[in-house]
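Trainee: Could you walk me through how to read features in a model like this one?
Mentor: Gladly; let's open it together.

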Amino acid sequence: DKILANIKDTKINKIVKLDDSKFYSVYVNNSNNAMFTTKDAKYFILYNPKEKSIFLDANGLVMDTALQFSEVYKDYTSQFDESLLIKKQFGKGERKIYIFSDPDCPFCKKLDNELLTKLNDSDNLTIYYVMNPLEAIHPNALEKAQKIVCADDKDKAWEDFQLKNVLPKSTKFDTNKEECVNTVNKQLIYPQIINLTVTPTIINQNGIMIEGVLDIEQFRKLIDLKIEKK
C-alpha cells in the first residue's frame with residue numbers, strides 16, 4: 001500500500017520477505033531485478049549484480065547526495081539482527097560500528113591487527129562483524145566463517161583467528177553443520193542487498209561507509225563521523 005501510494009503507475013509483481021530478516025525484495029513493472037526495502041518502505045535499494053546498487057527514496061527518485069546515502073546506511077544497519085554477529089566490546093560499548101569481513105581477506109586481518117590490539121575501554125565502542133566470505137576469490141572462506149560463528153565463544157574465536165590464525169575446534173560444526181551454515185547465510189543477506197564485494201567495509205553508527213584498511217587514528221575519527229545537514 002505504501003509503495004503504490006508513493007510511486008504512481010507502479011505494478012507490483014511480487015514481494016518476498018528475505019528469510020527471517022527485516023528486509024523484503026520487491027519486483028515491479030515486469031523487472032527481473034529486485035528492489036530491497038523494509039516494512040516502512042522509506043527507501044529502496046535497487047540491486048544490480050554487475051554494478052553498485054542504486055538508492056531510491058520513498059517516491060522512487062534516485063538519491064545522489066552523501067547525506068541521503070548516510071541516512072540509508074544508518075537505517076540499513078539498524079535492521080541487522082545483532083545476535084547473529086560477532087561482537088567485540090571495548091568499555092561500555094555505547095557507540096557502534098559495523099565491519100563486513102572475510103576470514104581469508106588479508107586486508108581484514110591487517111585492520112583487525114590494528115583495532116583488536118590498540119582499541120581500549122576508553123573508546124566505549126562495540127564492533128559488530130558481518131561475515132562476508134567472497135568465495136570467488138577465497139574458496140575456503142565460507143567454511144571458515146561457519147566454523148567461527150559456531151564456536152562455543154564466537155567472539156573469542158574470531159579474535160583468535162584474526163590475531164593468531166587459529167581456527168576453533170567446533171563441536172557444533174561437526175555435529176550440526178546445518179545450523180552453522182544457516183547462521184552465516186542469514187548474515188550474507190546483508191552484504192548481498194547492497195552488492196557489497198569489498199572487504200573490509202566499515203559502516204559507522206551515522207551511516208558513513210568506508211572501504212579498506214584504516215590505522216587506529218583514522219578509525220577513531222570514523223567512529224563518530226557524520227554528514228552535517230546544510
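The conversation below goes through the sheet, the aromatic rings, one loop residue and one helix.

Mentor: Before we start, keep in mind that this is a predicted model.

Trainee: Let's begin with the sheet. In what order do the 5 strands of the open sheet run?

Mentor: The order is E1-E2-E3-E4-E5, and the pairing is antiparallel. E1 and strand E5 (54-57) stand at the edges with a single partner strand each, so one side of each has no neighbour in the sheet. From one strand to the next, the twist averages 25°.

Trainee: How many bridges join E2 and strand E3?

Mentor: E2 and E3 (residues 35-37) pair over 3 bridges, in the antiparallel sense. To find your place there, look for Tyr24, which stands opposite Thr37 in E3.

Trainee: Which strands does H2 touch where it packs on the sheet?

Mentor: H2 touches strand E4 (43-46) and E5, and its direction makes about 95° with that of E4.

Trainee: Now the rings. How is a pair of aromatic rings described?

Mentor: The general idea is to give the distance of the centres and the angle of the planes. This structure holds 12 aromatic pairs. Take Phe23 and Tyr76: the ring centres are 5.9 Å apart and the planes are at 55°, so this pair is tilted. Phe23 is in the loop between strand E1 (12-17) and strand E2 (24-28), while Tyr76 is in helix H2, so the pair ties together parts that are 53 residues apart in sequence. Both Phe23 and Tyr76 are buried.

Trainee: What geometry do Phe80 and Tyr98 have as an aromatic pair?

Mentor: Phe80 and Tyr98 are edge-to-face, at 5.5 Å centre to centre with 85° between the planes. They too link distant parts of the chain, 18 residues apart: Phe80 sits in the loop between H2 and E6, and Tyr98 in strand E7 (residues 95-101). Since buried means under 20% relative accessible area, Phe80 counts as buried at 6%, and Tyr98 does at 4%.

Trainee: Which residues form the one aromatic cluster?

Mentor: Among them are Phe23, Tyr76, Phe80 and Tyr98, along with Phe55, Phe69 and Tyr190.

Trainee: Where does the charged end of Lys17 sit?

Mentor: The charged end of Lys17 is over the ring of Tyr24, 5.9 Å from its centre. Look also at Lys14, which lies over the face of Tyr27 at 5.0 Å from the ring centre.

Trainee: Let's try a loop residue. Is Leu84 buried or exposed?

Mentor: Leu84 is buried, with a relative accessible area of 14%. Leu84 lies in the loop between helix H2 (66-78) and strand E6 (86-90). Leaving out residues up to four places away in sequence, Leu84 touches Lys154, Thr183, Lys186, Gln187 and Tyr190. As for Thr38, 46 residues from Leu84 along the chain, the two C-alpha atoms are separated by 19 Å.

Trainee: And helices: which residues point the same way?

Mentor: In an α-helix there are 3.6 residues a turn, so residues three or four places apart point the same way. Helix H5 (residues 154-164) is a good place to look at burial: Ala157, Trp158, Asp160, Phe161 and Gln162 are buried there.

Trainee: What covers the buried residues of H5?

Mentor: The cover includes E6, E7, helix H3 (106-118), strand E8 (125-131) and helix H4 (141-149). After H5 comes Asn165, with a positive phi near 60°.

Key:
Residues numbered from 1 in each chain as written. Predicted model: local features only at pLDDT ≥ 70, side-chain atom pairs only at ≥ 80, totals over all residues. Heavy atoms only, no water. Helix = DSSP H or I, 4+ residues; strand = E, 2+ residues; numbered from the N terminus. Buried < 20%, exposed > 50% of the residue type's maximum accessible area, 1.4 Å probe, protein only. Contact = heavy atoms within 4.5 Å. Phe/Tyr/Trp six-rings, centres within 6.5 Å; stacked < 30°, edge-to-face > 60°. Lys NZ or Arg CZ within 6 Å of the ring centre and 35° of its normal. Pairing = 2+ DSSP bridges. Axes fitted to C-alpha atoms, helices over the stretch in contact; angles between N-to-C directions.
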